[in-house]
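I opened the notebook to look up a few things in one structure. The entries follow in the order I made them.

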Amino acid sequence: QVQLVESGGGLVQAGGSLRLSCAAAGRTFSSYAMGWFRQSPGKEREHVAAISWSGGATYYADSVKGRFTISRDNAKNTVLLQMNNLKPEDTAVYYCAAARSYYSGLYDYWGQGTQVTVSS
């Protein structure tokens, strides 16, 4: 089992940057693919980014490609989401999640979320 805790959210002006962190508890963290999702009121949850267990494969939604970067440090049980050139439409609650398989798209464990608000 993996417990996930996100941090790093906050209020930022458009064009600014934030770095989200997801700390994982569990000895098997390095075997899981990790993903970041977001959801804002009235909208469906969006899969923003994902990274394989080794970091060798990554995925980005078109809406964030070129602006967001996902990375992981298996020694520290941490996955990061660097968000640059933020836009008001990036405002959402951001969740990290863990999947047993990068290619399955099935995420077994979820964090509680961290709020990101981008002002115009």
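Are Cys22 and Cys96 buried or exposed? I looked up both residues in this model, which is a predicted one. Cys22 is buried, and Cys96 is buried too.

**Entry: the disulfide**

I then checked how the two cysteines are linked. They form a disulfide, with sulfur atoms 2.0 Å apart. The structure holds one disulfide. I placed Cys22 in strand S3, residues 18-25, and Cys96 in strand S9, residues 92-99, so the pair ties together parts that are 74 residues apart in sequence. The angle about the S-S bond is 45°, and I noted the link of Cys22 and Cys96 as right-handed.

**Entry: the whole chain**

I listed the elements next. The protein chain has eleven strands and zero helices. Read from the N terminus, the elements run β-β-β-β-β-β-β-β-β-β-β. I looked up the radius of gyration, which is 13 Å; the globule rule gives 14 Å for 120 residues, and the two are close, so the chain is as compact as a globular protein of that length. The C-alpha trace spans about 40 × 25 × 25 Å along its principal axes.

I wrote down that buried residues make up 42% of the 120 residues. For contacts with a separation of 6 or more, 55% come from residues 24 or more positions apart. The exposed surface of the chain is about 6300 Å², and carbon and sulfur atoms supply 48% of it. For charge, I noted 11 positive and 8 negative side chains. The centres of these two sets lie 5 Å apart.

**Entry: Tyr95**

I went to strand S9 again, where Tyr95 lies. Tyr95 has a relative accessibility of 21% and counts as partly exposed, because the cut-off for buried is under 20%. Which residues does Tyr95 touch, not counting those up to four places away in sequence? I listed Glu6, Gly35, Trp36, Phe37, Gln39, Trp110, Gly111, Gln112 and Gly113. I also looked up a distance to His47, which is 48 residues from Tyr95 along the chain: the C-alpha atoms are separated by 9.5 Å.

**Entry: two serines in loops**

Ser52 came next. I found Ser52 in the loop between strand S5 (46-51) and strand S6 (58-60). The relative accessible area of Ser52 is 7%, so this residue is buried. Leaving aside neighbours within four places in sequence, I found Ser52 in contact with Ala33, Ala57, Arg72 and Tyr102. Ser52 and Met34 are 18 residues apart in sequence, and I noted 6.5 Å between them in space, C-alpha to C-alpha.

Then I looked at Ser31. Its place is in the loop between S3 and strand S4 (33-39). Ser31 counts as partly exposed, at 43% relative accessibility. With residues up to four places away in sequence left out, Ser31 touches Trp53 and Arg100. I also looked up Ser31 against Tyr95, 64 residues apart along the chain, and their C-alpha atoms are separated by 19 Å.

**Entry: two asparagines and their phi angles**

I started this entry with a general note. Most residues other than glycine have a negative phi. What is the phi of Asn77? I found a positive value, near 50°, in this residue other than glycine. Asn77 sits in the loop between strand S7 (68-73) and strand S8 (78-83). At 21% relative accessibility, I wrote Asn77 down as partly exposed.

I looked up Asn85 too. Asn85 has a positive phi, near 50°. Where is the place of Asn85? I found Asn85 in the loop between S8 and S9. Asn85 counts as partly exposed, at 42% relative accessibility. Not counting its neighbours within four places in sequence, Asn85 is in contact with Gly15, Gly16, Ser17, Arg67 and Asp90. I closed the entry with Gly66: Asn85 and Gly66 are 19 residues apart in sequence and 9.4 Å apart in space, C-alpha to C-alpha.

Terms used. Residues are numbered from 1 along each chain as its sequence is written. This is a predicted model: local features need pLDDT of at least 70, side-chain atom pairs count only at pLDDT 80 or more; totals for chains, interfaces and linings use all residues. Side-chain values use heavy atoms; hydrogens and water are left out. Helices (H or I, at least four residues) and strands (E, at least two) are DSSP runs, numbered from the N terminus. The radius of gyration is taken over C-alpha atoms; the globule rule is 2.2 Å times the number of residues to the power 0.38. Buried means under 20% relative accessible area, exposed over 50%, partly exposed in between (1.4 Å probe, protein chains only). Contact means heavy atoms within 4.5 Å. Accessible areas come from the Shrake-Rupley method with a 1.4 Å probe; for residues, only the protein chains shown count as cover. Lys and Arg count as positive and Asp and Glu as negative; His and the chain ends are not counted. The place of a charge is taken as NZ of Lys, CZ of Arg, CG of Asp or CD of Glu. A disulfide is a pair of cysteine sulfur atoms within 2.5 Å.
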